[in-house]
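Here is a short report on one structure. It follows the strands, then the core, then two individual residues.

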Amino acid sequence: IAEEYSVSPARFSLAAAYPNPSNNSVVFSFTLPTTTRTHLYLFDTPGQRVATLIDRSVHSQGTHRLLYDTSHLASGLYIYRQSVLGAQSSR
């Protein structure tokens, strides 16, 4: 007899973006323990917001991936920040 178990993620996590370095696109991956609203922003090194990747979208519990086209961005270092109902994470 096979049994199936569904395991809920225990906490919020934001994975490292890949590939790194990227040429034309990058994948952002995050895990949510519950269905919630989230924001994901991209900043340049002086701290200017260069993109809003997710803004107040409701995402279900589980792991989510977002493919973002970076071909319009100048070469350089970028920082991304996600906020989830009071939790924050930056990379």
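Arg37 stands opposite Val58 in S4. The model is predicted. The pairing of S3 with S4 is antiparallel and runs over eight bridges. The two strands make a hairpin, with four residues between them. Gly47 sits in that turn and has a positive phi of about 95 degrees.

Ser57 belongs to strand S4. How exposed is Ser57? Its relative accessibility is 30%, so Ser57 counts as partly exposed. Not counting residues up to four places away in sequence, Ser57 touches Thr36, Arg37 and Thr38. Ser57 and Thr38 lie 19 residues apart in sequence, yet their C-alpha atoms are 5.8 Å apart in space.

A second set of pairings involves three strands. They form an open sheet in the order S1-S2-S5, with antiparallel pairing. Strand S1 (13-14) and strand S5 (62-69) are the edge strands, each pairing on one side only. S2 and S5 run antiparallel and are joined by eight bridges. Thr31 stands opposite Thr63 in S5.

Next comes the core. The largest nonpolar core has 15 residues. Phe28, Leu40, Leu42, Leu53, Tyr68 and Tyr80 touch the most other members. Four strands each supply at least two residues of this core: S2 (25-32), S3 (36-44), S4 (49-59) and S6 (78-84). Which strand gives the most to this core? S2 does, with four residues. Leu53 shows the packing in detail: leaving out residues up to four places away in sequence, Leu53 touches Phe28, Leu40, Leu42, Leu66 and Tyr68.

Asp44 is found in strand S3. Asp44 is buried yet has no salt bridge. What is the nearest side chain of opposite charge to Asp44? It is Arg49, 10 Å away. The side chain of Asp44 does reach a backbone nitrogen, that of Gln48, at 2.8 Å. Leaving aside neighbours within four places in sequence, Asp44 is in contact with Val50, Leu77 and Tyr78.

The distances given for the two residues are set out here.

| Residue | Partner | Distance |
|---|---|---|
| Asp44 side chain | Gln48 backbone nitrogen | 2.8 Å |
| Asp44 | Arg49, nearest side chain of opposite charge | 10 Å |
| Ser57 C-alpha | Thr38 C-alpha | 5.8 Å |

Technical notes:
Residues numbered from 1 in each chain as written. Predicted model: local features only at pLDDT ≥ 70, side-chain atom pairs only at ≥ 80, totals over all residues. Heavy atoms only, no water. Core = buried A, V, L, I, M, F, W, Y, C linked by side-chain atoms within 4.5 Å. Buried < 20%, exposed > 50% of the residue type's maximum accessible area, 1.4 Å probe, protein only. Contact = heavy atoms within 4.5 Å. Pairing = 2+ DSSP bridges. Lys, Arg positive; Asp, Glu negative; His and termini not counted. Salt bridge = Lys/Arg side-chain N within 4 Å of Asp/Glu carboxyl O. Polar contact = N/O pair within 3.5 Å; in protein donor to acceptor, adjacent residues only side chain to side chain.
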